[in-house]
Amino acid sequence: MGTGIVGSAGAGLPVAMPGLRTVCAAMWALSLALLAVLLTARALHWTYHRDRAREHLRDPGTAPFHGCTAMALVSTGGGTLLVGRDWVGPDVALALGAALFAAGTAAALAAAVAVPLLMVVRHRVEEASPVWLLPLVAPMVSAAVGPLLAVRLPPGQARTTLLAGCLGLFGLSLLAALLVLPLVFGRLVVGGPPAAAPTPALLLALGPLGQSTTAVNAFADVVPGLPYGGVLAAVYGLPVMGFALLWLAWSGALVLRARRRGMGFAMTWWAFTFPVGTCVTGLEGLARHTGLEALRWGAVVLFGLLVAGWLAAASGTVRGLVSGALPAAPGAAPRGPRRGTARTR
């Protein structure tokens, strides 16, 4: 999904750049190939190492990442509808996009229900982590992609049901994320900055903010007869994106602080991609509905950050694979707050 968002966000940029559409389609094709590898590896893991796969579900450090598979399915399906149709044709793109959306949405709902439930009844953690957002954001990705499919359905029960379901997914994800975000910020205030390697994961908080803004813009585009749809999207999206940019500044400052203290590459660097990409698509939609030049150029600037983040994460991953440092076994989840970091008044 970190690769596919580059193609999807680039396709919606409100500026014309020669060759950009072809590059975006190539990024979609790469994301589709990576998704096929991921699904194959996941299936083989459950087939031949079922005990280890179950341990991942019981581990509070790895269980939330099951939401990533759902997001990868849905976001790749959305990319198929946006840019993949240039290479595979509209009919194949619609069939493939619908299949990926359906499978990803089912996985997203399963992750949103099962992972928090496991956290309550099985896991034992004492400090909040941004990765808790991963299974909760997955339904929001479906809420943002669903309208792209709904507009291709004839008016009637099927279209209305899909749009209503997407609104339900929107509320499910947004309200659940609003429960977690204060815990993450409170952990930072009380416990101080995280260790170097997990610091980039703070950008995961951008996911529900940018993706929900993308979703409301998509609803405004396709819901028939919605009065002042663009205005409603702006009324929601502008304040939310304002907070998203504030969180980006906070987390970016902490990432730079960790980098000065010797932070090396870790797989958490992939947090530089999809969360930032959702903010790009959110700004693109707001620029489309408001006509504001500042939002157009804000989307372009954030897209530049997205490309830089993808290059950093992808190059580090390739180096790790070539050197044999990756894949590495998941580390143990933190058991509690680190000693000596609590604040006193």
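Colleague: Where is Trp 250 found?
Modeller: Trp 250 is found in helix α9. Keep in mind that this is a predicted model.

Colleague: Is Trp 250 buried, partly exposed or exposed, and how do you know?
Modeller: The relative accessible area of Trp 250 is 37%. Buried means under 20%, and exposed means over 50%. The value lies in between, so Trp 250 is partly exposed.

Colleague: Which residues make the nonpolar surface patch?
Modeller: Phe 185, Val 189, Val 190, Phe 243, Leu 246 and Trp 250 make it, and the patch covers about 500 Å². Patch members need over 30% relative accessible area. Trp 250 has 37%, so that part of the test is passed.

Colleague: Which helices each supply at least two residues of the nonpolar patch?
Modeller: Those are α7 and α9.

Colleague: Tyr 236 is in helix α9 too. What makes Tyr 236 count as it does for accessibility?
Modeller: Tyr 236 has 22% relative accessibility. The limit for buried is under 20%, so Tyr 236 counts as partly exposed. Helix α9 itself covers residues 229-260.

Colleague: How far apart are Tyr 236 and Val 216 in space?
Modeller: They are 7.8 Å apart, C-alpha to C-alpha. In sequence they are 20 residues apart.

Colleague: Let us turn to charges. What makes Arg 52 and Glu 55 a salt bridge?
Modeller: Their side chains meet at 2.8 Å, N to O. The cut-off is within 4 Å, so the pair qualifies. Side chains of opposite charge can pair when their charged atoms come close.

Colleague: Where do Arg 52 and Glu 55 lie?
Modeller: Both lie in helix α3, three residues apart. That is about one turn of the helix.

Colleague: How accessible is Arg 52, and how accessible is Glu 55?
Modeller: Arg 52 has 34% and counts as partly exposed. Glu 55 has 35% and also counts as partly exposed.

Colleague: How do you know that Arg 187 and Glu 127 meet in a salt bridge?
Modeller: The N to O value is 4.0 Å. The rule asks for within 4 Å, so the pair is counted. Arg 187 lies in helix α7 (residues 157-191), and Glu 127 lies in the loop between α5 and α6, so the pair ties together parts that are 60 residues apart in sequence.

Colleague: Are Arg 187 and Glu 127 buried or exposed?
Modeller: Both are buried. That word means under 20% relative accessible area.

Colleague: Why is the pair Asp 221 and Arg 288 called a salt bridge?
Modeller: The N to O value is 2.7 Å. That is within 4 Å, so the name fits. The pair links distant parts of the chain, 67 residues apart. Asp 221 sits in helix α8, and Arg 288 sits in helix α10. Asp 221 is partly exposed at 42%.

Colleague: How many salt bridges does this rule give?
Modeller: The count comes to five.

Colleague: Which residues gather in a patch of positive charge on the surface?
Modeller: Arg 50, Arg 54, Arg 58 and Arg 122. Arg 54 has its place in helix α3 (residues 50-58). The relative accessibility of Arg 54 is 44%. Patch members need over 30% and no salt bridge, so Arg 54 meets the accessibility condition.

Colleague: Now the cysteines. How many disulfides does the structure hold?
Modeller: The structure holds zero disulfides. Take Cys 24: the nearest cysteine sulfur, that of Cys 279, is 18 Å away. A disulfide needs sulfur atoms within 2.5 Å, so Cys 24 is in none. For Cys 68, the nearest cysteine sulfur is also that of Cys 279, at 17 Å. Set against the 2.5 Å limit, Cys 68 is therefore in no disulfide.

Colleague: Why does Cys 24 count as it does, buried or exposed?
Modeller: The value for Cys 24 is 2%. That is under 20%, so Cys 24 counts as buried.

Colleague: What about Pro 139, buried or exposed?
Modeller: Pro 139 is at 0%, so it counts as buried. Pro 139 lies in helix α6. The C-alpha atoms of Pro 139 and Gly 168 are separated by 9.2 Å.

Colleague: And Thr 69, buried or exposed?
Modeller: Thr 69 has 13%, which is under 20%, so Thr 69 counts as buried. Thr 69 lies in helix α4 (residues 66-88).

Notes
Residues are numbered from 1 along each chain as its sequence is written. This is a predicted model: local features need pLDDT of at least 70, side-chain atom pairs count only at pLDDT 80 or more; totals for chains, interfaces and linings use all residues. Side-chain values use heavy atoms; hydrogens and water are left out. Buried means under 20% relative accessible area, exposed over 50%, partly exposed in between (1.4 Å probe, protein chains only). Patches are made of residues with over 30% relative accessible area and no salt bridge: like charges are joined within 9 Å, nonpolar side chains (Val, Leu, Ile, Met, Phe, Trp, Tyr) within 5 Å. Accessible areas come from the Shrake-Rupley method with a 1.4 Å probe; for residues, only the protein chains shown count as cover. Lys and Arg count as positive and Asp and Glu as negative; His and the chain ends are not counted. The place of a charge is taken as NZ of Lys, CZ of Arg, CG of Asp or CD of Glu. Helices (H or I, at least four residues) and strands (E, at least two) are DSSP runs, numbered from the N terminus.
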